[in-house]
Amino acid sequence: DSTLHFWTYSPRFAYRLDKWIRQHGNGFRIHYKVQNLCEWEFKCIYAAHCMLAARENARLELPFADGSECLTIFSDFQELGKYGDPVTWSKQNGVELGLSYPRGIAKGFKIYFKDRIPQGWCRYWYNEQTALEIAFDPMSLPYFAVWANYGAFQKKYNVAIEPCTAPMDDPFTAQKYGALTALPAYGTKEWHLDFSMVEYQR
């Protein structure tokens, strides 16, 4: 069996998290399971936070339509406003949200989409032919965030793709937006992420 299995118990809360990594198709799958080990509900959020090495002029492809409404979490781009301000995918006041800008601009942003993701995939196109695709069940991970860091944070250069169980980075704020964030007493939840390289078919 070529599966890697990791697990941990929280030092502060009563839950166990398991993770399995195995080959899947022409890539690999990461399968997760969280178990609430106590008799009361546990308010929690999972966000994938897949941090990819950015490449200048690479593009992020998402199943959201142009014009989809997002909310700013933080931004070094004045055009995107401040926490909670509405922005529009995939362009806001001249800023192309899906385009990877040069590292030297030392800017970044994070946004959440207000609506649930319509399909469970996203692609980061490193060039016109090749992309990394991440696929998932949109019923398990219905919300989506993008964090782009073009040298602003620790001078790193990355794009983080975040399918998640609820928006806004914490369960209490997510609850204000009507997102289900609680794991019931002794309940479990499972989800997965599939990673593969895809090529553009002309």
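**Loops, cores and a cavity in a predicted model**

Ser90 lies in the loop that runs between strand E8 (86–88) and strand E9 (91–92). In this predicted model, the peptide bond leading from Trp89 to Ser90 is cis, with omega near 5°. Two further loops hold residues with a positive phi. His49, which is not a glycine, has a positive phi of about 55°, and His49 is placed in the loop between strand E4 (42–43) and E5. With a relative accessibility of 37%, His49 counts as partly exposed. Ala106, likewise a residue other than glycine, has a positive phi near 50° and belongs to the loop between strand E10 (95–96) and E11; its relative accessible area of 42% makes Ala106 partly exposed.

The secondary structure of the chain as a whole consists of one helix and 17 strands. The radius of gyration is 18 Å, close to the 17 Å given by the globule rule for 202 residues, so the chain is as compact as a globular protein of that length. The C-alpha trace spans about 50 × 40 × 35 Å along its principal axes, and 47% of the 202 residues count as buried. Of the contacts between residues at least 6 apart in sequence, 65% join residues that are at least 24 apart.

In soluble globular proteins, nonpolar side chains tend to be buried together. In the present model, the largest nonpolar core has 43 residues, and those with the most contacts inside this core are Leu62, Trp89, Phe109, Phe144, Ile161 and Leu193. Among the elements that give two or more residues to this core are strand E3 (27–36), strand E11 (107–113), strand E15 (157–164) and strand E17 (188–199), while the largest share, four residues, comes from E14. When its neighbours within four places in sequence are left aside, Leu62 is in contact with Trp89, Phe113, Trp121, Cys122, Phe144 and Val146. A second, separate core has ten residues, including Ile73, Tyr112, Cys164 and Ala174.

One cavity of 30 Å³ or more was counted, and the volume of the largest cavity is about 40 Å³. Leu60, Leu97, Gly98, Leu99, Ser100, Tyr124, Val146, Ala148, Tyr150 and Val159 form its lining, which divides into eight nonpolar residues, two polar residues and no charged residues. Strand E14 (residues 143–150) gives the most to this lining, with three residues; E14 is also the element that supplies the largest share of the largest nonpolar core. Val146, one of the residues lining the cavity, is in addition among the contacts of Leu62.

Terms used. Residues are numbered from 1 along each chain as its sequence is written. This is a predicted model: local features need pLDDT of at least 70, side-chain atom pairs count only at pLDDT 80 or more; totals for chains, interfaces and linings use all residues. Side-chain values use heavy atoms; hydrogens and water are left out. On a 1 Å grid over the protein atoms alone, a cavity is a set of points where a 1.4 Å probe fits but cannot get out, and a pocket is an open set with protein on both sides within 12 Å along at least five of seven lines; lining residues have an atom within 4 Å of a point. Grid points are joined across faces, edges and corners, and a volume is the space filled by probe spheres set on the points. Ala, Val, Leu, Ile, Met, Phe, Trp, Tyr, Cys and Pro count as nonpolar, Asp, Glu, Lys and Arg as charged, and the others, Gly among them, as polar. A nonpolar core is a set of buried Ala, Val, Leu, Ile, Met, Phe, Trp, Tyr and Cys residues joined through side-chain atoms within 4.5 Å. Buried means under 20% relative accessible area, exposed over 50%, partly exposed in between (1.4 Å probe, protein chains only). Contact means heavy atoms within 4.5 Å. The radius of gyration is taken over C-alpha atoms; the globule rule is 2.2 Å times the number of residues to the power 0.38.
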